[in-house]
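Here is a guided look at a protein chain for someone meeting it for the first time. Keep the 3D view open and follow along.

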Amino acid sequence: MNNEYEKLLRCFRSVREKVRFTPKIALVLGSGLGDYADGVRVEQILDYHDIAGFPVSTAPGHKGRFLFGYVRDVPVVIMQGRIHYYEGYPMSDVVLPIRLMRMLGAEALFLTNASGGIQEGMRPGDFMLITDQISDFVPSPLIGPNPDELGTRFPDMSHIYAEELRDAVRRAAARMEIPLKEGVYIQLTGPNYESPAEIRMCRAIGADAVGMSTACEAIAANHMGMKVCGISCISNLAAGISERPLSHAEVQASADRAAPMFRRLVTESITKIAGIL
C-alpha cells in the first residue's frame with residue numbers, strides 16, 4: 001500500500017466517522033460559482049479542516065467544505081471550493097477529494113469552472129459544455145505507484161466526458177432555454193493568467209476555453225470508473241482576445257451575473273443525469 005492511498009483511506013475513515021450520507025452525484029463548484037449551494041437542501045456540512053490529513057483550499061472565493069444533501073431528490077456531495085495545483089499541493093492532493101467522493105458512493109462527477117474564452121464568438125457569461133480536454137501542461141495525477149484498488153495502471157481516456165451525460169446536459173439546457181456552447185477545455189498551471197502568445201498556442205492545438213483546474217480531476221475520476229461531465233462558465237475572454245487586463249475580480253463578477261442561469265442549468269442537468277445512472 002503506497003503513501004497516497006493510505007492518506008486517502010485515512011481521509012475516508014475520518015469522513016465516515018462524521019458522515020453516513022451516501023451521494024449519487026459529486027458536484028465541484030468552480031470560482032465564483034459557490035453560491036449554487038445556497039439552493040441545496042443540505043443535510044450535513046463538513047469543513048475540510050475537520051478531515052484528518054485533507055488538503056485545504058486557499059483560493060479566493062472557495063469556502064473549503066463538503067456539503068451533503070439533495071438537489072431536488074438527488075443525493076449529492078458538493079465541493080464548495082476545490083484544491084488547485086497552483087496552491088502548491090502535489091497533484092495527488094489536488095485529486096484526493098475526487099477520489100474520496102467516489103469512495104463515498106458517488107457514481108458520476110459534475111465538474112464546473114470559470115474559464116477564459118478562446119473560441120471565436122464567446123462572450124463573458126456564456127456556458128460551454130466540455131466535450132474533451134487537454135491536460136499535457138500539468139502533471140498527470142496518475143504518475144507514481146498505481147493502487148489497483150483505484151483503477152488500472154494504463155486507463156483509457158478516449159471518452160473522458162461521458163456522451164450520455166453530455167446528452168443529459170444538452171437536454172437540460174434545451175428545456176431551460178439556456179444557450180450552451182461546446183468545446184475543448186485546456187488546463188494550465190496558473191496562478192498567473194496566460195500571455196497572448198500562450199493563448200495563440202492553446203487555440204492552435206484545439207482549445208476553446210482555458211483554466212487552472214478540472215482536467216486533472218476528470219482523469220482521476222475516469223481512473224476510478226466515474227462518469228464525468230463538465231461545464232465552463234466563460235468569465236472573461238482570454239489574453240490577447242480581450243483588450244482589458246485580466247483579473248480575478250472580473251472572473252468573480254462574471255460568475256455572479258451568470259449565477260441564476262447557472263443554478264437552473266446545473267439543477268436540471270443533475271436531475272436528468274440521475275435518471276440515467
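A residue is called exposed when its relative accessible area is over 50%, buried when that area is under 20%, and partly exposed in between. His49 has a relative accessible area of 60%, so it is exposed. You'll find His49 in the loop between β2 (41–47) and β3 (65–71). Its C-alpha atom is 8.2 Å from that of Gly64, with the two positions 15 residues apart in sequence. One thing to keep in mind throughout: this is a predicted model.

**The whole chain**

Let's step back. The chain holds 7 helices and 9 strands. Its C-alpha atoms fit a box of roughly 50 × 40 × 35 Å along the principal axes. For 277 residues, a compact globule would have a radius of gyration near 19 Å, and the chain's 17 Å agrees with that. Of those 277 residues, 58% count as buried. The accessible surface adds up to about 11,400 Å², and 50% of it belongs to carbon and sulfur atoms. Contacts reach far along the sequence, too: among those between residues at least 6 apart, 82% join residues at least 24 apart.

**A covered strand**

Now turn to strand β1 (residues 25–29), where 5 of 5 residues are buried. In a regular strand, side chains alternate between the two faces of the sheet. Here both faces are covered: Ile25, Leu27 and Leu29 sit on one side, Ala26 and Val28 on the other, and all are buried.

Which strands does β1 pair with? One is β4 (residues 74–80), which runs parallel to β1 over 5 bridges. In that pairing, Val28 has Met79 as its bridge partner. Another is β5 (residues 108–117), also parallel, joined to β1 by 4 bridges. There, Leu27 stands opposite Phe110.

**Two helices, α2 and α3**

Helix α3 (residues 96–103) is largely enclosed by the rest of the structure, because 6 of its 8 residues are buried. Those buried residues are Leu96, Pro97, Ile98, Arg99, Leu100 and Met101. After α3 comes Gly105, with a positive phi near 125 degrees.

Arg99 also turns up in the contacts of Ser92: leaving aside neighbours within four places in sequence, Ser92 touches Glu4 and Arg99. Ser92 belongs to helix α2 (residues 91–94). At 16% relative accessible area, Ser92 is buried.

**Salt bridges**

Side chains of opposite charge can pair when their charged atoms come close. How many salt bridges does a search of the whole structure find? The count is 12. Three of them are listed here.

| Pair | Closest N to O distance |
|---|---|
| Glu163 and Arg166 | 2.9 Å |
| Arg170 and Asp167 | 2.6 Å |
| Arg175 and Glu268 | 3.5 Å |

The pair Glu163 and Arg166 stays within helix α4: the two are 3 residues apart, which means about one helical turn separates them. Glu163 is partly exposed at 36%, while Arg166 counts as buried at 11%. Arg170 and Asp167 are likewise 3 residues apart in α4, separated by about one helical turn. Arg170 is partly exposed, with a relative accessible area of 25%, and Asp167 is partly exposed at 34%.

The bridge between Arg175 and Glu268 has a longer reach along the sequence. Arg175 is in helix α4 and Glu268 in helix α7, 93 residues apart, so to speak linking distant parts of the chain. Is each partner buried or exposed? Arg175 is exposed at 56%, whereas Glu268 counts as buried at 4%. Salt bridges with shared partners also tie Glu163, Arg166, Asp167, Arg170 and Glu182 into one network.

Glu268 has further company in α7 (residues 248–274). Not counting residues up to four places away in sequence, Glu268 touches Arg72, Ala172, Arg175 and Met176.

**On the surface**

Last stop: the loop between β6 (127–134) and α4 (163–176), where Phe137 lies. Phe137 is partly exposed, with a relative accessible area of 36%. Together with Met201 and Ile205, Phe137 makes a nonpolar surface patch of about 250 Å².

His159 also lies in the loop between β6 and α4. With a relative accessible area of 62%, His159 is exposed. The C-alpha atoms of His159 and Asn222 are separated by 8.9 Å, although the two residues are 63 apart along the chain.

Methods. Residues are numbered from 1 along each chain as its sequence is written. This is a predicted model: local features need pLDDT of at least 70, side-chain atom pairs count only at pLDDT 80 or more; totals for chains, interfaces and linings use all residues. Side-chain values use heavy atoms; hydrogens and water are left out. Patches are made of residues with over 30% relative accessible area and no salt bridge: like charges are joined within 9 Å, nonpolar side chains (Val, Leu, Ile, Met, Phe, Trp, Tyr) within 5 Å. Accessible areas come from the Shrake-Rupley method with a 1.4 Å probe; for residues, only the protein chains shown count as cover. A salt bridge is a side-chain nitrogen of Lys or Arg within 4 Å of a carboxyl oxygen of Asp or Glu. Buried means under 20% relative accessible area, exposed over 50%, partly exposed in between (1.4 Å probe, protein chains only). The radius of gyration is taken over C-alpha atoms; the globule rule is 2.2 Å times the number of residues to the power 0.38. Contact means heavy atoms within 4.5 Å. Two strands pair if DSSP finds at least two bridges between them.
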